[in-house]
Amino acid sequence: MIELDGAAGEGGGQILRSSLTLAMITGRPFRIRQIRARRAKPGLMRQHLVAVQAASQICGAEVNGATVGSQELEFVPGPIRGGDYRFAIGTAGSCTLVLQTVLPALLTADRPSTLHLSGGTHNPMAPPVQFLQRAFCRLLAEMGAQVDVHLERFGFYPAGGGEVVATVRPCAQLQPRSWMERGERKAAYAECFIAGIPPRVAQRELECVGKAMNWGEEQLLARRLPDNQGPGNALMLTLEYAHTTEVFTAFGEKSVTAENVARQAVQRARKYLCTKAAVSEYLGDQLMLPLALAGGGGFTVDEVSMHARTNAEVIERFLPVRFEFGNMEGVDAITVHAR
């Protein structure tokens, strides 16, 4: 039984999600205490509980402590089973974080799997579906994984109601990869998704992005969704390079001007562009577990966060690997090696 402290390091939900993923894959049980202890509302929230339930269903685990608000959980995994699964979060809790938890495990399943998830698809503090489609799954494919993520319906915070369908084919062994340079830029564009709010909001956000990034009208795209998928507003900046793709997102909220939403997205993109890093902080966090499963690899990153260091500590408890945090020609780098 691996004993984990949910208050360690960054102290958020990633400790739980990585532990669930790795327990399923390795067959090693764990007990975690002080779940999400560093959050304003500690313990399991609805989306974390659904991640536990999804992991449990996929591997037939024995679970204790799986209730909303619980700060202690014991998880004893069984064999992973591919198949057709449906998970309803029921709120704007993130579909993508639940998908992030079970996707690597399903790559090791006995047959292909289809996941139907309902809940939030575009909400703060979680990667939007387009980030998975364009950024994460692109690099996962280079490692040999065949994953397709389809967005059926947007689900904005706080209403939720979104739908995502993902198909996962078994992969005998992920291949080690390294991304040290982003390469030549192939495309750059901004998209403003709006539902149930005035079109002028999208126009203002895109005008701000155009001025800040010096982008032309052909790079500024308004995406109006059916009103019944809102109210909601997501602004995305996509930067596609020869070796990697990045997606930076900001969300409209009450009392936040369109101009401030645009500034948030631009600030995140500029932080990345001011370095020569191959990937951003958030994509780097997502790559750590697949690279550890592959047994090696690495990437340059615009920032090494406490989130990444905490994730490394959890992964090293389950797998015979070690992470190194270094510097390569003035750029932060994270590498993983077998031990």
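Five bridges join strand S10 (residues 185-195) to strand S11, and the two run parallel. That pairing is a handy way into this predicted model, which also offers a four-stranded sheet, a bent helix lying across part of that sheet, and two cis peptide bonds, one before Pro158 and one before Pro231. Here is a short tour, grouped by topic.

**The four-stranded sheet**

- Within the S10 and S11 pair, Ala190 stands opposite Leu220 of S11.
- The sheet is open and holds four strands in the order S11-S10-S12-S13, with mixed pairing.
- Its edges are S11 (220-224) and S13 (245-251), each of which pairs on one side only.
- From one strand to the next, the twist averages 20 degrees.
- As general background for reading such strands, side chains in a regular strand alternate between the two faces of the sheet.

**Helix H4, across the sheet**

- H4 covers residues 129-142, which makes 14 residues.
- From first C-alpha to last, H4 reaches 19 Å, close to the 20 Å expected at 1.5 Å a residue.
- There is nevertheless a bend of about 40 degrees in H4, placed at Phe136.
- Phe136 is also among the buried residues of H4, a list that includes Val129, Phe131, Leu132, Cys137, Leu139 and Leu140.
- H4 lies across S10, S12 (232-241) and S13, and runs at about 155 degrees to S13.
- Just after H4 comes Gly144, with a positive phi of about 105 degrees.

**Helices H5 and H6**

- The axes of H5 and H6 (residues 258-273) come within 8 Å and cross at roughly 35 degrees.
- The crossing of H5 past H6 is right-handed.
- On the H5 side, the contacting residues include Val201, Arg204, Glu205, Cys208 and Val209.
- Their partners on the H6 side include Ala258, Glu259, Val261, Ala262, Val266 and Arg270.

**The S15-S16 hairpin**

- S15 (321-328) and S16 (331-338) pair in the antiparallel sense over eight bridges.
- Met328 stands opposite Val331 in S16.
- Two residues lie between the strands of this hairpin, and Glu329 in the turn has a positive phi of about 55 degrees.
- Glu329 counts as exposed, at 81% relative accessibility.

**Backbone points to check in the loops**

- Most residues other than glycine have a negative phi, and most peptide bonds are trans, so exceptions deserve a look.
- Asn214 is one residue other than glycine with a positive phi, near 60 degrees.
- Asn214 sits in the loop between H5 (199-213) and S11, and is exposed, with a relative accessible area of 70%.
- Glu329 is another residue other than glycine with a positive phi, in the loop between S15 and S16.
- The bond joining Tyr157 and Pro158 is cis, with omega about 5 degrees.
- Pro158 has its place in the loop between S7 (146-153) and S8 (162-169).
- The peptide bond from Gly230 to Pro231 is cis as well, with omega near 0 degrees.
- Pro231 lies in the loop between S11 and S12, two strands of the four-stranded sheet described above.

Definitions and conventions: Residues numbered from 1 in each chain as written. Predicted model: local features only at pLDDT ≥ 70, side-chain atom pairs only at ≥ 80, totals over all residues. Heavy atoms only, no water. Expected span 1.5 Å × (residues − 1). Bend = angle between axes of the 7 residues up to and from the residue. Buried < 20%, exposed > 50% of the residue type's maximum accessible area, 1.4 Å probe, protein only. Pairing = 2+ DSSP bridges. Axes fitted to C-alpha atoms, helices over the stretch in contact; angles between N-to-C directions. Contact = heavy atoms within 4.5 Å. Left-handed = near helix turned anticlockwise from the far one by under 90°.
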